[in-house]
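Welcome! Here is a short briefing to help you find your way around a structure you have not met before. Take a look at the sequence and the model, then read on.

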Amino acid sequence: MYHSMMLFFAIIAEVAGTISMRYSAENNPISGTMAMILLIGLSYFLLSKAIQKIPLGVAYAIWEGVGILLITVISSYLFDEYITPAKIFGVGLIVAGLIFINTDEGHNNE
């Protein structure tokens with residue numbers, strides 16, 4: 001449970017860091033960049049805690065896939081970015097991939 005929580009918080013930090021990158025580009029380069037560096041660094045630190053028990057490939061896929069999903073949705077609300085059918089399809093493929101990865105997580109091919 002601890003490692004899953006670390007992965008969850010790593011995702012939140014990564015999303016916040018990426019959103020702050022966009023904020024930095026549009027508003028305040030110094031504070032946005034500092035927030036981005038701190039949050040992305042925190043995200044990698046938390047991810048390193050998660051992979052102590054969660055397989056690296058699984059943790060990274062979840063971290064990146066859920067992050068992309070959240071960033072796509074949040075940026076459409078905060079920055080009025082249009083979500084095209086192609087984006088919806090692409091994010092859907094990512095979610096499907098995450099489901100397959102998590103379904104296979106408990107199997108060992110030894």
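A nonpolar core is a set of buried Ala, Val, Leu, Ile, Met, Phe, Trp, Tyr and Cys residues joined through side-chain atoms within 4.5 Å. Keep that in mind as you explore this model, which is predicted. We will start with the largest nonpolar core, which has 18 residues, and then turn to a helix and some aromatic rings.

**The core**

- Which residues touch the most other members of the largest nonpolar core? They are L7, I11, L47, I54, I62 and W63.
- Three helices each give two or more residues to this core: α1 (2-26), α2 (29-50) and α3 (56-78).
- In soluble globular proteins, nonpolar side chains tend to be buried together.
- I62 makes a good place to zoom in: apart from its neighbours within four places in sequence, I62 is in contact with L7, I11, G67, L98 and N102.

**Helix α1**

- Helix α1 is 25 residues in length, and the distance from its first C-alpha to its last is 36 Å. That is close to the 36 Å expected at 1.5 Å a residue.
- Many places along α1 are worth a click: the buried residues there are H3, M6, L7, A10, I11, A13, E14, V15, G17, I19, S20 and S24.
- What do the buried residues of α1 pack against? Their partners are α2 and α3.

**Aromatic rings**

- The model has three aromatic pairs.
- One of them joins F8 and F9 edge-to-face, with 5.3 Å centre to centre and 65° between the planes.
- F8 is partly exposed, at a relative accessible area of 43%, and F9 is also partly exposed, at 39% relative accessibility.
- Y60 and W63 form a tilted pair, because their ring centres are 5.4 Å apart and their planes meet at 40°, an angle that falls between the 30 and 60 degree cut-offs.
- Both Y60 and W63 belong to helix α3, where they sit three residues apart, about one turn of the helix.
- An α-helix has 3.6 residues a turn, so residues three or four places apart point the same way.
- Is W63 buried or exposed? W63 counts as buried because its relative accessibility is 2%, under the 20% cut-off, whereas Y60 is partly exposed at 40%.
- Ring pairs also bring in Y44, which is linked with Y60 and W63 into a cluster.

**A charge over a ring**

- R22 lies over the face of F79, 4.6 Å from the ring centre.

Note on methods:
Residues are numbered from 1 along each chain as its sequence is written. This is a predicted model: local features need pLDDT of at least 70, side-chain atom pairs count only at pLDDT 80 or more; totals for chains, interfaces and linings use all residues. Side-chain values use heavy atoms; hydrogens and water are left out. Buried means under 20% relative accessible area, exposed over 50%, partly exposed in between (1.4 Å probe, protein chains only). Helices (H or I, at least four residues) and strands (E, at least two) are DSSP runs, numbered from the N terminus. Contact means heavy atoms within 4.5 Å. The expected span of a helix is 1.5 Å times one less than its number of residues. Rings of Phe, Tyr and Trp (its six-membered ring) pair if their centres lie within 6.5 Å; planes under 30 degrees apart count as stacked, over 60 as edge-to-face and the rest as tilted. A charge sits over a ring if NZ of Lys or CZ of Arg is within 6 Å of the ring centre and within 35 degrees of the ring normal.
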